[in-house]
Structures are given as C-alpha cells and as structure tokens.
Amino acid sequence: MLNKQENLNNLYEGKVKGTFQVTSIPNIRLLENMGLRAGTQVTIQNRYSLGGPVLLRIEEAYSIALGKDIAKQISIREII
Amino acid sequence: MSRILLMGNPNVGKSIFFTELTGIHAISSNYAGSTVSFMEGSFTVGGKEYTLIDVPGTYSLTPSSEAEAVATSFMESGAQAIICVLDASNLERNLCLGLELQQYNIPLVYALNLLDVADRHGITINTKLLEQELDAPVVPTVAAKRQGLDELITKLEMVLNTPKTDCIHPTEAKPETNQEIEHISCGNCSLCRFNSQKEPVDAWVKAKEIVRRVSNKNDIRLSFMDRLGEAMMKPMPGIPIAFLVMAIAIGVVIGGGRGLRALFFLPLVNGVIVPFFRNLFTALLPEGMFLNILVGEFGIFVISFEWILALIFPYVLLFYIVFTFLEDTGFLPRISVLFDNIMRKLGVQGGSLIHMLMGYGCAVPAIIGSRAATSRKERIVISAAICFAVPCISQSGALIVLLAGYAWWMLPAMILFSLLLFVAVTLIAGKLVKGTIDPLVIEIPNLLIPNPKSFVRKLITRMKHFLKDAEVPMMIAIIIAALLSESGLLNIIAVYAQPLVTYWLGLPAEAVIALILGIVRREMSVAPLLVLDLTALQAFVGGVVSLLYLPCLSVFAILAKEFKIKIALTITLSTIVMALFVGGLINRIGQLFIA
C-alpha cells in the first residue's frame, strides 16, 4: 500500500506537512516513554522560525514539540 | 492498608476523576524524600472506606523523571486496586502503561476516558473486545461530564471483592500433577518477582496489536476548541493570541486586585477589624509602648491586617485563579513552544517559561518545580532569573498599590524594567553557569475549558499552601516592624543608615525598615513605604530596590537546600548589591530630569 522512498533525513529538516517514519532516535528515555521510537509514524505540523522547535503529530493521535537540537538527532524516512 | 491508586499518562483527566470520586476534601502531600507532591482523599466503595491516591501522571514504569519514579514507588509499595485512566483518543501509548501495570498483579479497573474527544477524532473503540484483551473491566467514561463514574465504582467493588488468585507454586502442587500446573502469578512471592523480571513484556508491541484489533478510525469532526487549540500553535495567530491572553491575565490580576482591595478588603480592615482591636486593647491596657506595639500606627494588630489581608491577599487570590485557569486549559505548553526560539536565544528552552511564570506567584514552588528541568544549569538559570527579576505576587500586589498612587506610567515602566532585567539576568546567568541545557521536549495537550470542580480544588490547595508557607515569615516580619517602629529603635538605626538610604537612594531615613523587613519577606520591602509620603521618584526607586532586593528567607532556604549554599549566597549577595546600586543609579538619573 505504501510506497516507501529511501530518503534518510533528520526530523528537523523534514518537510512541513510531510509524514515520516522514524528510523532512529537518540537513547533518551523520555522520548521513548512519550511514544517516539524507531518505526513511529510522525507528521511534521509546524517548524518554528529562528531556531524554534518542530511540532509533531504522533501516529495521528497526539502532539509533541521537540527542540531543534533534539529533532536533529532523529532520523526519518519519508512515507509517500 | 486499604489504598487505591489512580494512575495514567499525563493529561488524561486523572485529577477530574479524583475530584469527582473523593469530593472537595483532600490533602496534598509530598512523597517521602522527594519534592513530588500528590493528592490523597477518601472515598467509599461498597460500604468500605478507601484512600484514593492521585499518583503523578506517568508515561511508563521505566521512569524518565522524578515524578515518574514516584509513580513506580507507589506501585512497589502495593495497593488494594488500581484505577488506570486511559485516553481513548490516544489509546496506544496509554495502553503501554496500562499493560505495564498488569505486571504487578494488583486488581485493575480501566477507565476509558475522553471518549468525547476520541469521538470527535473519529475513533471508535470496542470496549467489550478491549476488556477481553486486557482481561480486566474497562469502563467507558467522560469524567468531565460525570459519565461512567457510577459504573466505575461498581466495577471497582467487583474487583475488590474478587478473591485474589491463589498462587500455586510448582513445589506446593501435588507431585503427580506437577507438570500440568502452571505457576499462576501472585506478584507477592519471590518466584513471581523473579518470573516477572525474567520475561519483560514488550508493552509497545502488545499495545499496538490490541489497538489494531479494538479500534476504528473514521472521519474527524473537530470542535471549536480543537481548532482554536491548533490555531494557537501557529505563530500566526498563536503569538498575538498569547500576548492577548497574557494582557488579559495581567489586567484581571491588577484591575481585579485593586477593585477587591478598594471595595472590600480595605473597608473591612480599616472600618471593622482594626477599630475593633484598637478599642479592645485601648480599653484593656494603659497607654504606653506596649499598647503601641499592639495597636499603634505600626502595631501588630494593625499592620498584620493592613498588609496581609488588605494589601496582598486580593492579588494572591486573583493570581492563583488566573494561573490555575491558564494551567488547566493547556495554554502554558503552547506558549513554551511558541517562545522556545526566544528562550533558546537567551540560553534556556521554552519549557523554562512555565517555571518562570509560576515564579510570579511564589519563587519557592517555582524553584522546586524547576526540578523537572533536566539539566542543573537550566535550574540555576531559572532560579537566578526568578530571584532577580520575577517579583512574587505578594510583592507585585504591594508594588501595584505603591506605584498606582502616583502616575499611570509608573506601573508599565516597572513591568518593562523587570522584563529587561529578566532578559539580562537570564543571559548573564547562562554565560556564567557551566554546563548544557537540554532542548525542549513537551507534549501539547488538547485545549480545554477547565473542569470547575478540579479547578476549585486546585485553587483551594494552592491558597492553603500559600498561607501555610507565608504565615510564619509574615508574622516574624510584622513583629519586627512593630517592635522597631514603636519602640523608637528604628530612629536610631535610621541615623546609621542615612548615608545609604538618604544620600545614595534619596529615600527618607525611615525607609531603612523596608530593607530590614525585605530580608524576611519580599512584600515587606514595599509595605512600609506606603505610609512614608514619598515623591514619585522615591516610590519608583523604592520599587526598583525592592524588586531586585534579595528574595526572602524562604527562598534563601530553598536555594540552599536545592543547590549548594555557595549558590544561595552568591545569588543573595548579588541581588542586594545590584538592588542598592541600580536603585541609587536611578535616583541620580531621575534627579537630573527633575532638576
């Protein structure tokens, strides 16, 4: 059903409104507990200017904001 | 022990359950050896009384914060039953915790809450199927509308009355049937603990699988609040809305506080309470110093009511009404995202903003609350900013009354000054303190209209805390004020303080009492100025000194406890030096304009 394109990238630079699959996250317990792990589907809802955070919709269920420096450490793959 | 734990992820409406189940009487306690507080109250199930504990919201039993560690400790110390609140609109992550809780073999009832939200998001859940999957009662609820609570109690009674499955250990079983008998986990014997450690259930995999089987997703019909909540996350119109909300909040606290003071508290104190004590003591006691200490101009029975009840109480009450309201709507996480970029430029992160805003109420809970910050550097920067530039609401109330008596622009000027100071202190502290600051990680809850009962309960708890923490230092300050002023000792001290107070700061010599009392409590560095007949410039200088001046004894104590005594002393000494230096500078500059 889904045609996955191999587009390795980090979450901070992902396209706004794009939906992605997380491929790897830094080893931070809080991220995992909040439901962000390899395989999680995220939609980037907004990226704030001047080094602000990214706002994510996780599995179409809830929203999390991640600061720039942590979002950059998360690898994603685009789902088309 | 007959306690029942109320558990769940953050922002699932747990505290609404708690308020609805236990009523308005509850106590807030600190978990032993931590600053994490929780609420406990009593309620009846099937004619038997139980203690319900509102365990801090947790994502997982593998803790990632102090609050979550406390939640885990509660599980380990045991309970009669657990009510696990699940957010139906975000079932998968909620089920992870729900499944982890099963490892402890404590009877469980699940409340499938926020069904109204799930419904709007187009999610339908087959409760019966979920019940089978979880092998425990699942009650559909909308706690904010009291739906499903009676059934929840019925189901809770049922699990409480179901005898615990006996733990049949292989060694206890009859030899001939030994091989067939499974070890049914009781959770209490060493073998059970060993087993549960040996086979960790991957809750995530299981939760995903369950959600796939029990739920369906259809069309989304967003409500006005959902749309507003989303709109507030966009810089346009989110940032203008945020400023508007803040402006309204400040307006309500300042305007409302002044109104309450003028229309109710001041007439009550000046017309009823103070005359009553004056007449009473004048009739009982002979004239003299002792009588003056009780009911003179600075008498204990005069200033304790004038300062505490008429001066600061109206503002404290309104501040906590506004702050609690904003907190319960989900406004605070939104501004921490919108302003994360600015906070990041200042060397901290958006989440710090929530603690700093709390500091406008009282610095003590704000500094304790900053424990949620993940790095030590962030905590110190937050605490320093609060100590230097964030006036607590008691002090703000006194400052409002002081400055509003002169010119309309003085209050906005003071607010602007404190904001500039805030930026400067955050920047400087960020440069001075070594270490790193972790980036923002925050969940954005749905925008909500606060539940009235939980709101009132939280407000009552906060006001009680405020009074409990403030009463002793306030009374100490008031007794010192009465003794110094009415005994004439103040005049002697004033002579020695003249070079500093009169020459450098340009204030009347008696104003030295503000500097003495300000050590004990912040608002006490303003209150004595009210009766001193100051010029506008003097009032502004007094206000600036008070704003910068050291942040009360309780704050010193909490700084020393939370950090090292060295940091407490550094912050305290630099605030005093800064206050006197900047106050004098403003006096000099102001003199130039007047001359």
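How many bridges join strand β5 of chain A to β10(B)? There are 4, and the two strands run antiparallel. Helices (H or I, at least four residues) and strands (E, at least two) are DSSP runs here, numbered from the N terminus.

A word on the ground rules. This is a predicted model, in which local features need pLDDT of at least 70 and side-chain atom pairs count only at pLDDT 80 or more, while totals for chains, interfaces and linings use all residues. Residues are numbered from 1 along each chain as its sequence is written, with chains lettered from A and ligands numbered from 1 in the order in which they are written.

**The shared sheet**

The β5(A) and β10(B) pairing belongs to an open antiparallel sheet of 7 strands, ordered β1(A)-β6(A)-β2(A)-β3(A)-β4(A)-β5(A)-β10(B). Two strands pair if DSSP finds at least two bridges between them. β1 (9-10) of chain A and β10 (441-444) of chain B sit at the edges with a single partner strand each, so one side of each has no neighbour in the sheet. Where the chains meet, A:Leu66 stands opposite B:Val441 in β10(B). Helix α13 (residues 331-338) of chain B lies across β4 and β5 of chain A together with β10 of chain B, at about 135° to β10(B). Axes are lines fitted to C-alpha atoms, for helices over the stretch in contact, and angles run from 0 to 180 degrees between N-to-C directions.

**Contacts, chain to chain and domain to domain**

The chain contact takes 23 residues from chain B and 25 residues from chain A; residues are in contact if their C-beta atoms, placed from the backbone, lie within 7 Å. On the chain B side, β10(B) gives the largest share, 4 residues.

Chain B itself is divided into domain 1 (3-221) and domain 2 (235-594), with bounds from an automatic or database domain assignment. Their C-alpha centres lie 42 Å apart, and 14 residues of domain 1 are in contact with 11 residues of domain 2. Helix α1 (residues 14-22) of chain B supplies the largest share of the domain 1 side, 4 residues.

Here is how the residues divide, with Ala, Val, Leu, Ile, Met, Phe, Trp, Tyr, Cys and Pro as nonpolar, Asp, Glu, Lys and Arg as charged, and the others, Gly among them, as polar.

| Residues of | Nonpolar | Polar | Charged |
|---|---|---|---|
| Side of chain B that touches chain A | 9 residues | 8 residues | 6 residues |
| Side of domain 1 of chain B that touches domain 2 of chain B | 6 residues | 6 residues | 2 residues |

**A helix pair in chain B**

Helices α24 (residues 553-562) and α25 (residues 565-594) of chain B pack at about 145°, their axes 6 Å apart. B:Phe556, B:Leu559 and B:Ala560 in α24(B) meet residues of α25(B) including B:Ile565 and B:Ile571.

Terms used:
Two residues are in contact if their C-beta atoms, placed from the backbone, lie within 7 Å.
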